[in-house]
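Me: Hey, could you walk me through this one? I'd like to get a feel for how its parts sit together.

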Protein chains: 4
Amino acid sequence: MTTRAGHSRHRRPGRPREEATEQAITLAARQVLADRGVARMSMEHVAARAGVAKSTLYRRWPSKVELAVHAVAAVFDEIEVGDHGSLAADMRAGVDEAARLLRDPSTGGAYAALLAESARDPEGVGVAVRGSLSTRLHALVATSVERAIGRGEITPEMVDVDLLADVVVGSVMHRALATGVPDEAFVDGLIELLADVAYARLSRAARNAGT
Amino acid sequence: MTTRAGHSRHRRPGRPREEATEQAITLAARQVLADRGVARMSMEHVAARAGVAKSTLYRRWPSKVELAVHAVAAVFDEIEVGDHGSLAADMRAGVDEAARLLRDPSTGGAYAALLAESARDPEGVGVAVRGSLSTRLHALVATSVERAIGRGEITPEMVDVDLLADVVVGSVMHRALATGVPDEAFVDGLIELLADVAYARLSRAARNAGT
Amino acid sequence: MTTRAGHSRHRRPGRPREEATEQAITLAARQVLADRGVARMSMEHVAARAGVAKSTLYRRWPSKVELAVHAVAAVFDEIEVGDHGSLAADMRAGVDEAARLLRDPSTGGAYAALLAESARDPEGVGVAVRGSLSTRLHALVATSVERAIGRGEITPEMVDVDLLADVVVGSVMHRALATGVPDEAFVDGLIELLADVAYARLSRAARNAGT
Amino acid sequence: MTTRAGHSRHRRPGRPREEATEQAITLAARQVLADRGVARMSMEHVAARAGVAKSTLYRRWPSKVELAVHAVAAVFDEIEVGDHGSLAADMRAGVDEAARLLRDPSTGGAYAALLAESARDPEGVGVAVRGSLSTRLHALVATSVERAIGRGEITPEMVDVDLLADVVVGSVMHRALATGVPDEAFVDGLIELLADVAYARLSRAARNAGT
DNA sequence: CACTAATCGAGACGGTACGTCTTGTCTTAGA
DNA sequence: TCTAAGACAAGACGTACCGTCTCGATTAGTG
């Protein structure tokens with residue numbers, strides 16, 4: 001639908017969209033999101049902060065939630081997944097990063113709010129959330145796992161990436177929002193838990209191989 | 001449960017609250033919650049459905065969110081934690097129950113929405129959510145763990161109940177809302193993961209004892 | 001209906017009404033009336049200010065408006081109609097008094113508000129207002145006129161007391177509320193107007209007598 | 001009348017207001033006013049009757065009272081002040097018209113209620129009432145008086161238009177609301193009273209001229 | 001002295017309206 | 001065609017009152 005320039009040399013008729021506008025809106029949305037949370041983020045506020053008319057927002061995103069998804073996705077895009085040399089180190093870095101992100105109430109709250117909207121409208125918002133947000137997080141986990149497989153630390157059978165992603169993100173999110181700040185002790189505990197799983201599977205694999 | 005001001009024989013002055021009203025409202029709130037989700041649950045609707053004036057709602061709960069917390073807590077109160085004979089069986093029953101509950105978009109969505117509100121207002125809603133909802137879930141996990149300790153299956157040092165609760169509830173919730181329905185395969189995977197943790201810790205304990 | 005003691009020696013059964021209560025309420029009502037006007041005078045406020053339960057108010061007056069009528073009537077009862085020696089002097093004193101009273105927004109506004117309610121409910125409030133308030137004002141004018149007749153300054157045929165009362169009270173009220181403060185110039189002008197009427201009628205009477 | 005920002009060709013930005021809306025609201029307001037009086041006129045009702053959202057009402061009038069002022073002013077605007085040939089005839093017509101208008105409880109009551117509100121909020125409502133309603137009535141009286149001066153029936157020194165307006169409107173209003181219906185006898189009496197004033201002043205002027 | 005009958009304070013209750021806020025759509029002028 | 005500005009219908013929010021009601025506690029007179 002959106003003919004995001006680039007490959008298409010055919011310009012659409014009429015006045016072209018202001019380049020700066022989309023970024024200004026996204027930035028404004030993230031700020032309002034941080035200030036007031038998803039529920040209290042209003043299109044009116046975002047438009048005012050971006051110095052843009054409300055209709056411009058609706059021309060680009062069909063609803064408030066979609067804009068919120070877009071704005072949160074922009075936050076998630078900043079996550080770096082460097083190679084830290086070992087599965088253990090990668091895992092710690094990943095969990096730390098997740099904790100850092102979700103500890104911020106504006107990001108954690110926004111993510112939870114969008115998950116909630118997902119539940120209400122699985123086909124509309126749900127698809128957008130899954131497509132834009134959850135797959136991003138999933139990809140981060142997958143990258144680490146694949147790297148570990150590449151290094152020979154584990155085998156593909158040992159890990160269900162989907163499950164692992166849900167466990168890591170879900171645990172951290174629940175800790176951040178429902179129980180308390182995910183402090184270092186919590187991160188350590190979660191890492192240890194995952195390490196124990198790896199240990200159990202590796203030792204079982206070794207035993208099986210030994211047989 | 002509420003020991004109204006110490007002496008339970010001293011009634012509060014004024015006309016006593018209608019017994020039936022609170023239940024009618026809670027029921028209506030749960031229905032509206034299921035029908036339309038937290039965001040679209042309106043006090044107006046709840047009042048109408050309960051056959052009660054809006055002011056009666058506000059006399060009992062300071063805001064929509066607090067009523068929603070109460071209504072969701074009522075759902076959580078129905079969870080049964082029976083003794084299934086072994087930690088493994090208890091765990092499976094617990095995870096199954098969590099999956100059953102959160103799979104329902106109205107419950108899962110409501111829970112996520114309330115967590116999101118928690119992030120926006122940690123002192124008000126946050127306290128209510130933690131006090132009413134999260135501690136309930138925590139208690140369920142704690143019960144199973146204590147039973148396992150009683151049976152001698154594990155020792156207290158082997159498990160951080162707080163962490164375990166976040167892992168179970170968080171993973172299931174994230175699966176339910178962000179990734180897809182938490183089907184039997186997912187539940188199996190999660191159980192296996194937890195079992196592997198137990199295996200690792202038990203074998204390590206055995207090794208230490210052996211030394 | 002109300003067996004206001006005195007002639008009836010039979011007391012009503014049950015606990016008698018607190019003597020002080022009625023006065024406390026009336027006073028509180030007048031204060032709230034002065035503070036916030038009739039429209040914003042609330043039974044809740046009056047009760048609180050009088051240190052009395054709302055039901056006590058309703059036990060004595062059937063509605064807010066009736067209580068307001070009672071409270072304003074209490075103000076009107078304080079009006080003194082002394083004999084100033086001549087019709088002119090009595091008239092000036094009367095108009096001055098009316099101006100003094102209605103100039104106070106709380107009294108003037110209350111009176112107007114009650115007249116407005118009269119229009120909405122002529123049989124209920126209207127009767128109360130006419131019975132308690134308007135007749136009081138009418139009586140004041142009548143007293144002055146009768147005194148003037150007694151002194152031989154005018155004859156009964158020369159003046160329609162009803163009309164005169166409406167003219168004096170109505171003019172002053174309208175000036176106070178709609179046009180501006182009824183200052184000395186206004187009072188002078190009104191007196192002069194009435195004096196001219198008297199002049200015209202006296203001179204006509206003299207001419208007729210001369211014929 | 002409203003010279004929107006000087007240049008009348010420069011339109012205000014944004015979607016222009018629906019022409020029909022203001023009239024529909026005014027009409028609905030007058031109907032509700034007539035049905036239920038100012039106190040019971042509700043924005044909700046007016047909006048529903050006008051087929052308009054409540055926010056549209058509040059976009060144009062800051063509060064219920066301001067809309068009521070507007071609606072009553074619309075009634076007053078229908079008053080015709082024709083030339084009836086003589087001061088006496090004009091006066092009779094004017095008083096008749098005032099009596100006709102204020103005899104209707106919905107108009108009389110509304111006017112009184114707005115005067116009452118004026119007393120409560122002299123700067124807000126008061127200014128609106130004086131500006132919209134009282135000056136209208138004043139203008140009607142002024143027109144008749146000026147015509148009489150033009151005809152040479154009276155001289156400007158003989159009449160204080162402000163005072164006269166208060167006397168006519170105030171007397172009629174008080175009669176209508178506080179005392180009883182302003183019937184023909186009342187109107188006759190008031191006219192006669194005014195005529196006597198004119199007689200007194202004319203004869204005094206003649207005497208002075210004769211000196 | 002118990003009984004009856006009303007009062008009192010307190011506050012719950014069903015209603016109703018307030019004025020505010022937001023959503024998503026629309027309608028204009030101008031770029 | 002896009003943009004800014006803002007009108008519009010819809011509808012929920014949380015607050016404030018109204019007038020009624022239901023309590024327990026009080027306070028007389030009557031049997």
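Reply: Sure, here's a quick chat about the DNA and the chains. It's a predicted model, where local features need pLDDT of at least 70, side-chain atom pairs count only at pLDDT 80 or more, and totals for chains, interfaces and linings use all residues. Residues are numbered from 1 along each chain as its sequence is written, chains are lettered from A and ligands numbered from 1 in the order in which they are written, and side-chain values use heavy atoms, leaving out hydrogens and water.

Me: Cool. How many residues surround DNA strand E?

Reply: 55 residues do, counting a residue as near if one of its heavy atoms lies within 4 Å of the strand. The closest are Glu44(A), Thr56(B), Arg60(B), Arg60(C) and Tyr58(D). Sugar and phosphate make up 60% of the strand E atoms that come within 4 Å of the protein.

Me: And what kinds of residues, by class, are on the surface near DNA strand E?

Reply: There are 24 charged, 17 polar and 14 nonpolar ones. Here Ala, Val, Leu, Ile, Met, Phe, Trp, Tyr, Cys and Pro count as nonpolar, Asp, Glu, Lys and Arg as charged, and the others, Gly among them, as polar.

Me: Which base atom does Arg15(D) approach?

Reply: A base oxygen of DNA strand E, which lies 3.0 Å from a polar side-chain atom of Arg15(D). Tyr58(A) has a polar side-chain atom 3.1 Å from a phosphate oxygen of that strand. For Met41(A), a polar backbone atom is 3.4 Å from a phosphate oxygen.

Me: Switching topic: how many residues does each of chain A and chain B put into their contact?

Reply: Chain A gives 43 residues and chain B gives 43 residues, with contact meaning heavy atoms within 4.5 Å. About 3,700 Å² is buried between chain A and chain B, and carbon and sulfur atoms give 60% of that. Buried area is the accessible area (1.4 Å probe) that two parts lose on being put together, summed over both.

Me: How many salt bridges are between chain A and chain B?

Reply: The count is 8, where a salt bridge is a side-chain nitrogen of Lys or Arg within 4 Å of a carboxyl oxygen of Asp or Glu. Arg204(B) and Asp196(A) meet in one, at 2.4 Å from N to O. By class, the side of chain A that touches chain B has 20 nonpolar, 10 polar and 13 charged residues.

Me: What about chain A and chain D, how far apart are their nearest C-alpha atoms?

Reply: 10 Å, and chain A and chain D don't touch. Chain B and chain D don't touch either, with nearest C-alpha atoms 16 Å apart.

Note on methods. A polar contact is a pair of N or O atoms within 3.5 Å; within protein, one must be able to donate a hydrogen and the other to accept it, and residues adjacent in sequence count only if both atoms are side-chain atoms.
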